[in-house]
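Q: I have a model open and would like to learn how to read its features one by one. Could you walk me through them?

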Amino acid sequence: MRLVVVSNRVTMPERGEKVAAGGLAVALRSALEKHGGLWFGWSGTTSAEPSSRVEPVRLGNVSYAVVDLTEAERQSYYLGFSNRALWPLMHYRLGLTDFDRSDYAGYLGVNRRFAKLLVPQLKPDDVIWIHDYHLIPLAAELRRRGVTNRIGYFHHIPWPSAEVFGALPFSATLISTMTAYDLVGMQTQTDADNLIGGLVALRGAHRDGERVKAGPRETVVRPFPIGIDVESFRKLAVASVRAATQPIRATTGPLGGRKLVIGVDRLDYSKGIVQRLEAFGQFLRSHPEHRGNVGLLQIAPPSRSDVPEYAELDRQSDEVAGRLNAALGEFDWTPIRVVKKAYSRSALAGFYRRAQVGLVTPMRDGMNLVAKEYIAAQNPEDPGVLVLSRFAGAAHQMGEALIVNPYDTHEVAEAIRTALAMPQSERVRRFERLYATIAASDIGWWTSRYLAALTGAEAADKLAPPEPPRKASGATRKPAARQRATTRPAAKKPAAKTAIQPAQAANDAALGEKRGSFGQRAGSKPLPNAASPR
Ligand code: G6P
C-alpha cells in the first residue's frame, strides 16, 4: 500500500528546513517516506490560470504534487469560506462568522478541482489521509468520481455542537459530506461527540457508539489527540540554551534576576492574546510586589492578515500592550513585550526553557501544541509551570497544568501569581506527570495509531509506525493504555525520569537555567528558518 496525504498546505523539504518544519510535517513526511507516498495540496501561491493538471516532483520516496490557486480562489476558498466562515464557527465565534454564498461556491469548486486533479494520481491500493477544515468535502468529491480506496480525515481544530454548527447555511449538506470518509479523527472526545451529534441532528444519521451511518458507508469518528516529537524538542531546547544564541541570550540581559512569562501563538483571535495581556496587567495591579521583577514575552507572528478580523486583532494587541506598558512600566522595566514575528523552532525551544511560566490561554483550540512544546522544553530539575486554558484540547490530557478559564481575567491573573510562587517540589511533580503524558502520546504514536485505524488491523501490521514512540511504555500495543493517554493524566511512574538523562539534567542545572531575566529586547535579529506556531 501507498500513503497519500492531502492538506491545504504542503511542506516540501528544503535545505536547512529540518529545524523549521513542525512535528506534524516531519511526522507525515516520515510516514510517507517509509511507505512511499504522495503529498498533494495547494502550492501556497496563486497564478492567473487554474492548474489543469499536476506534475508530481519526486524527492526520495515521496512525490509532491501541488496545485496553484487563482487569486479569486484564494479569496473565496482560503480567506473567505475556510477562514471567515468555518474557522470562527468551529471556534464558537458565531459573531465573527461571515458567510458568503460565493465564498462557499469557491470552496466547493476548489475541493472539486482538487478531486479532479488527484484522481489520475491514485492507485488502487492507496490509503488517502486528508487534513483539516479546508478540505471537508474532498472525500465526497473523490467518491463521486468512483474512488473506493480507504479515505481518512483528521480535523485539527475544534468541532462545535450541532446548535452552533447548524447556524452555518448549508450546514446539513456540508456535514453530510463527512460520511464519505471511512475514519474521521478528532482532537478530543467532545469534538467527536459534537460531530456525531451534528450528523444525527442535521442529517438524521444513525449512531452506534463511535460508528455513524447516514448513507451507504459507515464512518468511524474517534479522538486521536495529536502530539509533538517530544524527544527532539527536548534536545532542541537543551542545545538552544547551551548555545545561547542571540535571542536566548537577550532574555538574560544585564538587568538580571527578572522572571519570564511566555506566550507563543499565531496572531489569531482564537488564541486569546488580548485577554492574556489584560490578565497580565491585572496580575501586576493585584500584586504590585511583582512589578519590576517579571515580564511577559508574547511572540505572535502575524497570520491571515488579509482577513479583516485579523488586522483588527493586530491593531488591538498593540493598543492593549501600549496602554498597559504606559500605565505600569518604569523607566528601566517594560512589563509586556509583543514581538510580531516568527522565530526558529530552536529559538522558541530556548525561550520556553528560560521561561518560568508558559501562558497558553486560547479562548478555544483544537489541541494547542505550544502547551506540549513548553513542557517538552523544560529543565526537569527546575521546570516552569504551564497555565493552560480549559478550552484547549490539550487540557483534556494535561490536567497537572494550572487549568484556567481564559474569559476570567482575575482567574488567569491569580494563576500567574500561583505559578510564580510554586515551590520547586510541586513544579517537578507536575512536570514529571505532564512530560510522561506527552511522551506517551507523541507525534509518532499519533501517526501510527491513526494509520493503523484507517488501514484496519491487518494492514496495520504491514504499516509499521514511522518512528515508534520511545517512551510510550507499550502504549503502541496496548489499546487500554493508549486510551488512557487521551483522557487521563499519565501513570504514577512517569517515563520522563528514564527519558531524561540525569547527567543532562545536572548539566542544565550547572548552566544556571531559569535564572533568566527580562531585561532587554528579546531577539531583534531575524532568524533563518522561522517557524510559525499553529
Ligand atoms: C491551524 C490549522 C492549520 C493551518 C494553521 C495555520 O493550525 O489547523 O490547517 O495550516 O492553522 O494557518 P494558515 O492559514 O496560515 O495555514
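A: Happily! Let's start with helix packing: an axis is a line fitted to C-alpha atoms, for helices over the stretch in contact, and angles run from 0 to 180 degrees between N-to-C directions. In this predicted model, helix α9 (residues 230-243) and helix α16 (residues 424-440) have axes 9 Å apart and pack at an angle of about 130°.

Q: What word describes how α9 and α16 lie to each other?
A: Angles under 35 degrees count as roughly parallel, over 145 as roughly antiparallel, 65 to 115 as roughly perpendicular and the rest as oblique. By that scheme α9 and α16 are oblique to each other. On the α9 side the contact involves Val-230, Glu-231 and Arg-234, which meet Tyr-435, Ile-438 and Ala-439 of α16. By class, the residues of this contact are 4 nonpolar, no polar and 2 charged.

Q: At what angle do the axes of α11 and α12 cross?
A: Helix α11 (residues 273-286) and helix α12 (residues 308-328) cross at roughly 10°, and their axes come within 9 Å. The pair is therefore roughly parallel. From α11 the contact draws on Val-274, Leu-277, Glu-278, Gly-281, Leu-284 and Arg-285, and from α12 on Leu-313, Gln-316, Ser-317, Val-320, Ala-321, Arg-323, Leu-324 and Leu-328. These residues divide into 8 nonpolar, 3 polar and 3 charged.

Q: Why do residues three or four places apart point the same way in an α-helix?
A: The general idea is that an α-helix has 3.6 residues a turn, so residues at that spacing point the same way. You can keep this in mind while looking back at the contact lists.

Q: Let's turn to burial. How many of the residues of helix α13 are buried?
A: The cut-off for buried is under 20% relative accessible area. In helix α13 (residues 345-354), 9 of the 10 residues are buried, so the helix is largely enclosed by the rest of the structure. The buried residues of α13 are Arg-345, Ala-347, Leu-348, Ala-349, Gly-350, Phe-351, Tyr-352, Arg-353 and Arg-354. For the whole chain of 534 residues, buried residues make up 60%.

Q: How many salt bridges does the count come to?
A: The idea is to look for a side-chain nitrogen of Lys or Arg within 4 Å of a carboxyl oxygen of Asp or Glu. Here the count comes to 32 salt bridges. One of them joins Glu-73 and Arg-113, whose closest N and O atoms are 2.6 Å apart. Glu-73 sits in helix α3 (residues 71-90) and Arg-113 in helix α4 (residues 101-118), so the pair ties together parts that are 40 residues apart in sequence.

Q: Is Glu-73 buried or exposed?
A: Glu-73 counts as buried at 15% relative accessibility, and Arg-113 is buried too, at 13%. Now look at Arg-266 and Asp-268, a salt bridge with its closest N and O atoms 3.1 Å apart. Arg-266 is buried at 8%, and Asp-268 is buried at 0%.

Q: Which residue forms a salt bridge with Glu-218?
A: That is Arg-211, with the closest N and O atoms 3.1 Å apart. Glu-218 is partly exposed, with a relative accessible area of 37%, and Arg-211 is partly exposed at 33%.

Q: Which residues are linked in a network of salt bridges?
A: Arg-143, Arg-150, Asp-182 and Arg-217 are linked in this way. Arg-143 belongs to helix α5 (residues 138-144) and is buried, with a relative accessible area of 16%. The side chain of Arg-143 also reaches the backbone oxygen of Ala-180 at 2.9 Å. Beyond four places away in sequence, the residues that Arg-143 touches are Thr-148, Asn-149, Ile-151, Ala-180, Asp-182 and Arg-217.

Q: Where is the place of Thr-179?
A: Thr-179 is in the loop between α7 (171-176) and β7 (183-186). Thr-179 is buried, at 14% relative accessible area. Its side chain reaches the backbone oxygen of Ser-176 at 2.6 Å. Leaving out residues up to four places away in sequence, Thr-179 touches Leu-199, Ala-214, Arg-217 and Thr-219.

Q: And what does the secondary structure of the chain come to?
A: The chain has 20 helices and 16 strands. Of the contacts between residues at least 6 apart in sequence, 79% join residues at least 24 apart.

Terms used:
Residues numbered from 1 in each chain as written. Predicted model: local features only at pLDDT ≥ 70, side-chain atom pairs only at ≥ 80, totals over all residues. Heavy atoms only, no water. Helix = DSSP H or I, 4+ residues; strand = E, 2+ residues; numbered from the N terminus. Contact = heavy atoms within 4.5 Å. Nonpolar A, V, L, I, M, F, W, Y, C, P; charged D, E, K, R; others polar. Buried < 20%, exposed > 50% of the residue type's maximum accessible area, 1.4 Å probe, protein only. Polar contact = N/O pair within 3.5 Å; in protein donor to acceptor, adjacent residues only side chain to side chain.
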